[in-house]
Amino acid sequence: MGNVSQLFSQECKNKNNDNNIQELACLWISRMDRGLTTVEQQQLVVWCNQNSQHHSTLLEMASFWDDLSVLHELSALFPLAQAKVAGKRHTLATIALVASFALVSLISINTLVNESFLPFLPSLNEQNLSQTQTLKTKIGEQKSFTLQDGSLIQLNTNSHIEVAYNAEQRLLTLVKGEARFDVTKDNNRPFTVIVGAKSFTALGTVFNVQWHHNQAMELVVTEGKVLITQATTSVNDLKESLKQANTSFAPDQLAATLVVSGEKALIAEHATSTSTTPIEKVSLDQIHRDLAWQQGMLIFEGEPLSMALAEISRYTTSSFEIVDSELAEIKVAGYFKADDIDGLLSSLQSNFGINFSKKPDGTILLTAAN
């Protein structure tokens, strides 16, 4: 449980005021709607035990959710929760009945007096569905963001995302970098991430996308399914594709590729076809290694030193120069903190006898021991 608490503490950081507690409670409810993993169940219990307000706010938000699966999940985790939520639902039902009568009366009066009496309603609804936002991280920085619909984005180092929600679609553009998306289900508004010439559309999903200019895109799906299409695919075609993806998926007919939980897809930057996208099944160990950045770690399992340094360079403003070329092929293995350059250099020196020094411009020179 200690590890679970530690993993979840970053997500809860800076969420101590009432509004943020409500936002996080709504996020948990939406996750329960699609089904919690074992780890998420443990994380939820930890969060509720941190503060009594967390637990009470969760129950309050659950009373607004019209789905029995959420109640079943709550009652399994917190045996007294179902009775409390049921009581809230009874009260809310009474309020809703009175409110609906008032609304009908208001509409009737409006019809008699002036049909344009409520012109603000459509625009208000449209405003609630719209969101434009720029999300960025600096080199070596990682941040989590909760979007308007409860979806969660975790941005890796030196990353940039543009968010553009509207009434028809939840559209995001990964300009550069890497991000993890925990998507709230909404069958009426596809959640699509544009990356270069490709788009990744989620079906109530948790997935990770990495893209750096002049490199292949990498998609790792840890929950649910992701549909890969051309970035120019229309919203209507996406919706039709998503319907078929849940029933009888025909990739050739839809010019799309479906990637499911436990799979990875690598896509060349200038690939023109999605049907030829290479997909591989990946083990839990591989997923843990690929996504270790989400816990601030980097894992190497025998990669050449040159490749390991290229990955480490994403997390620091320092640059590396291998002076003795034979060092480039040395195999590196181990766990490293993404921002601990000093620890890495010490490890290289003690394990491989690689000396290091710094130039005035900050470049780190690596040389073989004499």
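## A hairpin of two strands

In this predicted model, strands β2 and β3 run antiparallel. Strand β2 covers residues 143-146, and strand β3 covers residues 152-155. Four bridges join them. Across the pair, Ser-144 of the hairpin stands opposite Gln-154 in β3.

Five residues lie between the two strands of this hairpin. Look at Gly-150 here: its phi is positive, near 95°.

## The largest nonpolar core

Nonpolar side chains tend to be buried together in soluble globular proteins. Here, the largest nonpolar core has 29 residues. Which residues have the most contacts inside it? They are Ile-161, Leu-172, Phe-181, Phe-191, Phe-200, Phe-207 and Leu-219. Several strands give two or more residues to this core. Among them are β3, β4 (160-165), β5 (170-182) and β6 (191-195). The list also includes β7 (198-211), β8 (217-230) and β10 (263-267).

Phe-181 shows what such contacts look like. Leaving out residues up to four places away in sequence, Phe-181 touches Leu-152, Ile-153, Ile-161, Leu-172 and Phe-191. Its contacts also include Val-193, Thr-205, Val-206, Phe-207 and Val-209.

A second core of 24 residues is separate. Val-220, Ala-308, Phe-336 and Leu-344 are among its members.

## Aromatic pairs

A pair of aromatic rings is described by the distance of the centres and the angle of the planes. The count of aromatic pairs in this model comes to three.

Phe-181 and Phe-191 form one of these pairs. Their ring centres are 6.1 Å apart, and 65° separates the planes. That makes the pair edge-to-face. Phe-181 lies in strand β5 and Phe-191 in strand β6, so the pair ties together parts that are 10 residues apart in sequence. Are these two residues buried or exposed? Both Phe-181 and Phe-191 are buried. Together with Phe-207, they form one aromatic cluster.

## A pair further along the chain

Phe-300 and Phe-336 also pair. Their ring centres lie 5.9 Å apart with the planes at 50°, so this pair is tilted. What parts does the pair tie together? Phe-300 belongs to strand β12 (residues 297-304) and Phe-336 to strand β14 (residues 331-337), so the linked parts are 36 residues apart in sequence.

Buried means under 20% relative accessible area. Phe-300 has 7%, so Phe-300 is buried. Phe-336 has 12%, so Phe-336 counts as buried too.

Terms used. Residues numbered from 1 in each chain as written. Predicted model: local features only at pLDDT ≥ 70, side-chain atom pairs only at ≥ 80, totals over all residues. Heavy atoms only, no water. Pairing = 2+ DSSP bridges. Core = buried A, V, L, I, M, F, W, Y, C linked by side-chain atoms within 4.5 Å. Buried < 20%, exposed > 50% of the residue type's maximum accessible area, 1.4 Å probe, protein only. Contact = heavy atoms within 4.5 Å. Phe/Tyr/Trp six-rings, centres within 6.5 Å; stacked < 30°, edge-to-face > 60°.
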